[in-house]
Structure formats: C-alpha cells, structure tokens
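Thank you all for coming. I would like to walk you through one structure this morning, beginning with a term we will need and then moving on to the details.

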Amino acid sequence: MSAGAPITQRLTAQTVGPQGPVPTEAELRYDPADPYAVVIAFEQFDDEVVWVFGRDLLMRGVSAPAGEGEVRVFPSIDDDERAVVGLLLLSPSGQALAKLPSREVLDFLARTTRAVWPGTESEHLSTDDAIAAILVGG
C-alpha cells in the first residue's frame, strides 16, 4: 500500500517553567509511512527539540490521562480557561511540560485518521523498508 503525504500542524505551545508559561513554536508531524508514530518538534533558538511517541498515546490523552513512561498526555485547561492537551516529557536530564491547544491537536489527529485509520497501521507498513531498517540497524 502506498503511503500518503506527511501531515503537519504548526501551533504555539505554552511551555511551563519556573517563571510561568512561555509561548513556544512547535510542529506536530505524522508520516503515514511510519503509521504508529507522531513527532512533536519544539523550536528552541536556532534548533529543534524533537520527541517521537505513539499516535495512539496522543489519541488517548486528549480525553483522559495516558502514558506511564517518558511521554504522558492529558486533557487540561490553561490559565485562560481554554481546553489544552498537556504533554509531560521526561528524560534523564530533566522534564518539560507543554500545553498544546486542543483544537489544533484534534484537527491534526483527524487528518492523521483520514490518512491511516486507527487499527489499520500495519497495512501501511512496507515490509521491504522494515527489513532494510532492521538489517542496517535503524
């Protein structure tokens, strides 16, 4: 099955730190050729901080707390009483909390669902690409 075009959603996240929330440009990415994963890339100075995690985790986390590992997703309300999706990112070097506008996240997920219906991800995987990735080591 051929993969569709990658799907992106630019948004302004609120990263929460000791001084309070700070607007941070970010982009959600989904590639139907890698149908189980989503990417969030935060712009930081002239670089990107990139996290990859399961699309199903993001889908579950928009309506109820989800995740037990390095990425946790949960519905929340921001200081202006707008619906947001909380994203807690944990690593050995620290943690980060970002609040993403729910409307943009839901729009992004709707577009990924139109590209690859949940539960059909394996039909979108290329066996040849998977074997090549394993043999090359990545």
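Let me fix the vocabulary before anything else: a residue is called buried when its relative accessible area is under 20%, exposed when that area is over 50%, and partly exposed in between. Please keep in mind that what you see is a predicted model.

By that rule E43, at 36% relative accessibility, counts as partly exposed, and R10, with a relative accessible area of 42%, is partly exposed as well. These two residues form a salt bridge, in which the closest N and O atoms are 2.7 Å apart. Because E43 lies in strand β3 and R10 in strand β1, the pair ties together parts that are 33 residues apart in sequence.

E43 also brings us to T24, a residue of strand β2, since E43 is among the residues that T24 touches, along with others including L11, T12 and F42. T24 is buried, its relative accessible area being 12%, and its side chain makes a polar contact of 2.9 Å with the side chain of T15.

Both T15 and T24 belong to the group of residues nearest the centre of the largest pocket, together with F42, Q44 and A96, out of a lining of 24 residues. That pocket holds about 500 Å³ of space, and strand β7 gives the largest share of its lining, namely five residues. By character, the lining divides into 13 nonpolar residues, ten polar and one charged.

To return to charges, the model has eight salt bridges in total, and E27, R29 and E48 are linked in a network of them.

Notes: Residues are numbered from 1 along each chain as its sequence is written. This is a predicted model: local features need pLDDT of at least 70, side-chain atom pairs count only at pLDDT 80 or more; totals for chains, interfaces and linings use all residues. Side-chain values use heavy atoms; hydrogens and water are left out. Helices (H or I, at least four residues) and strands (E, at least two) are DSSP runs, numbered from the N terminus. Buried means under 20% relative accessible area, exposed over 50%, partly exposed in between (1.4 Å probe, protein chains only). A polar contact is a pair of N or O atoms within 3.5 Å; within protein, one must be able to donate a hydrogen and the other to accept it, and residues adjacent in sequence count only if both atoms are side-chain atoms. Contact means heavy atoms within 4.5 Å. On a 1 Å grid over the protein atoms alone, a cavity is a set of points where a 1.4 Å probe fits but cannot get out, and a pocket is an open set with protein on both sides within 12 Å along at least five of seven lines; lining residues have an atom within 4 Å of a point. Grid points are joined across faces, edges and corners, and a volume is the space filled by probe spheres set on the points. Ala, Val, Leu, Ile, Met, Phe, Trp, Tyr, Cys and Pro count as nonpolar, Asp, Glu, Lys and Arg as charged, and the others, Gly among them, as polar. A salt bridge is a side-chain nitrogen of Lys or Arg within 4 Å of a carboxyl oxygen of Asp or Glu. Lists of a residue's contacts leave out its neighbours within four places in sequence.
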